[in-house]
Amino acid sequence: MTTDEAPPPSRRKRPRPADDPPVVLITGASSGIGAATAGRLAAAGWRLLLSGTDRSRLDAVADRTGGLPLPEDLAKPDGAQRLAEAAVTSAGRVDAVIAGAGLGWRGPFARTPVDTLDRMLEVNLAAPLRLTRLLLPGMLERDRGRIVLIGSMAGQVGVRDEAAYAATKAGLTMFAESLWYELRGTGVGVRLVLPGAVDTPFFAKRGTPYQRERPRPVSPERVAGIVVDAVTTARDRVFVPRWLGYPARIHGVAPGVFRRMASRFG
């Protein structure tokens with residue numbers, strides 16, 4: 001992806017009044033990257049719509065940031081529809097979507113519980129696509145908007161014992177790439193943030209701790225800083241930490257070499 005997203009000269013955006021802050025919908029906002037991102041955007045003056053499944057944690061984030069909690073289970077096929085409707089009803093519009101909700105599971109694919117597989121497909125892949133489908137038309141009509149997708153290094157190179165999770169994140173990457181072509185020349189941008197391991201409750205929720213020597217987990221606050229930059233700047237694909245872009249490129253150019261290196265160094 002590149003960063004050429006300037007609208008044609010004939011198109012003119014209507015300026016937003018100074019007392020009308022931009023509206024962001026953040027999924028996965030009850031903890032981790034989503035909660036940290038909420039704090040940063042609140043400090044920047046954004047109006048927050050916060051979604052998650054842990055109601056007590058979500059309410060705590062909302063109290064701390066001044067956001068509006070919109071609890072929703074995105075593992076349900078109609079969850080994205082309900083959330084999009086609640087967001088528009090509450091705020092009148094959504095200027096940015098940050099798809100941060102995610103589920104994982106670690107173990108041999110042949111032993112993956114079918115219900116866990118279904119939930120990962122819904123939350124990690126289907127829900128971001130559905131939310132984008134529902135909220136993108138309004139952004140295009142206003143000629144203004146951002147769609148920020150939280151992918152994963154696992155979706156770039158594959159990870160042993162995380163085949164299903166990696167597949168959902170790879171699908172999210174290709175969605176971002178394809179959508180970028182469609183949105184080029186509009187005032188709506190799509191951004192892809194690709195962290196490695198992040199020190200969040202994600203690993204506890206999936207049932208197994210993070211055990212690899214590298215990459216070491218980064219803080220959710222560090223990723224949140226990149227997410228906010230992705231909302232407000234033209235950087236459309238960012239690895240966190242940035243050096244992860246190098247093994248991703250090696251995998252793209254020489255996957256056999258990458259597999260041998262991954263097998264040797266873990």
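## A strand inside the structure

Strand 2 spans residues 47–51, and 4 of its 5 residues are buried, so this strand is largely enclosed by the rest of the structure. What you are looking at is a predicted model, and strand 2 is a handy place to begin reading it.

On one side, strand 1 (residues 23–27) pairs with strand 2 in the parallel sense over 5 bridges. Within that pairing, Thr 27 stands opposite Ser 51 of strand 2. To get from strand 1 to strand 2, the chain passes through helix 1 (residues 32–43), and the resulting β-α-β crossover is right-handed. Strand 2 also pairs with strand 3 (residues 68–69), again in the parallel sense, over 2 bridges. Here Leu 49 has Leu 68 in strand 3 as its bridge partner. Helix 2 (residues 55–65) joins strand 2 and strand 3 in a right-handed β-α-β unit.

## The whole sheet

Stepping back, which order do the strands take in the sheet? The 7 strands form an open sheet in the order 3-2-1-4-5-6-7, with parallel pairing. Strand 3 and strand 7 (237–240) stand at the edges with a single partner strand each, so one side of each has no neighbour in the sheet. As a general point, side chains in a regular strand alternate between the two faces of the sheet.

At the strand 7 edge, strand 6 (residues 188–195) pairs with strand 7 in the parallel sense over 4 bridges. Val 193 stands opposite Val 238 of strand 7 in this pairing. Strand 7 is followed by a backbone feature worth finding on screen: a cis peptide bond joins Val 240 and Pro 241, with omega at about -5 degrees. Pro 241 itself lies in the loop between strand 7 and helix 9 (245–253).

## Around helix 1

Now back to the early part of the chain. Ser 30 sits in the loop between strand 1 and helix 1. Is Ser 30 buried or exposed? Its relative accessibility is 9%, and with the cut-off for buried set at under 20%, Ser 30 counts as buried. Leaving out residues up to four places away in sequence, Ser 30 touches Ala 35, Ser 51, Gly 52, Asp 54, Arg 57, Leu 58 and Val 61. One of these contacts, Ser 51, is the residue that Thr 27 stands opposite in the strand pairing.

Ala 43, in helix 1, offers a contrast. With 72% relative accessibility, Ala 43 counts as exposed. Ala 43 and Thr 65 are 22 residues apart in sequence, and their C-alpha atoms are 8.0 Å apart in space.

## Two aspartates with positive phi

Two loop residues deserve a look at their backbone angles. Asp 143 has phi near 60 degrees, a positive value in a residue other than glycine. Asp 143 is placed in the loop between helix 4 and strand 5 (145–150), and at 7% relative accessibility this residue counts as buried.

Asp 161 is not a glycine either, yet its phi is positive, at about 70 degrees. Asp 161 belongs to the loop between helix 5 (154–157) and helix 6 (163–183). With a relative accessible area of 25%, Asp 161 is partly exposed.

## A cavity to explore

How many cavities of 30 Å³ or more does a search of the whole structure find? The search finds 1, and the largest cavity holds about 30 Å³ of space. Its lining consists of Thr 27, Leu 74, Ala 99, Ala 101, Val 123, Ala 127, Pro 128 and Leu 131. Helix 4 (residues 114–142) supplies the largest share of that lining, 4 residues. Thr 27 will be familiar from strand 2's pairing, where it stands opposite Ser 51.

## The overall picture and confidence

In total, the secondary structure comes to 10 helices and 7 strands. Buried residues make up 49% of the protein's 266 residues. Among contacts with a separation of 6 or more, 68% are between residues 24 or more positions apart.

How confident is the predictor? The average pLDDT is 89, and 86% of the residues score at least 70. Residues 1–12 have pLDDT below 50, and this stretch has 30 contacts in the model beyond near neighbours in sequence.

Conventions
Residues numbered from 1 in each chain as written. Predicted model: local features only at pLDDT ≥ 70, side-chain atom pairs only at ≥ 80, totals over all residues. Heavy atoms only, no water. pLDDT = per-residue confidence, 0-100. Contact = heavy atoms within 4.5 Å. Buried < 20%, exposed > 50% of the residue type's maximum accessible area, 1.4 Å probe, protein only. Pairing = 2+ DSSP bridges. Right-handed = clockwise from strand over helix to strand, strands pointing away. 1 Å grid on protein atoms, 1.4 Å probe; cavity = no way out; pocket = protein on both sides within 12 Å on 5 of 7 lines; lining within 4 Å. Points joined across faces, edges and corners; volume = space filled by probe spheres on them.
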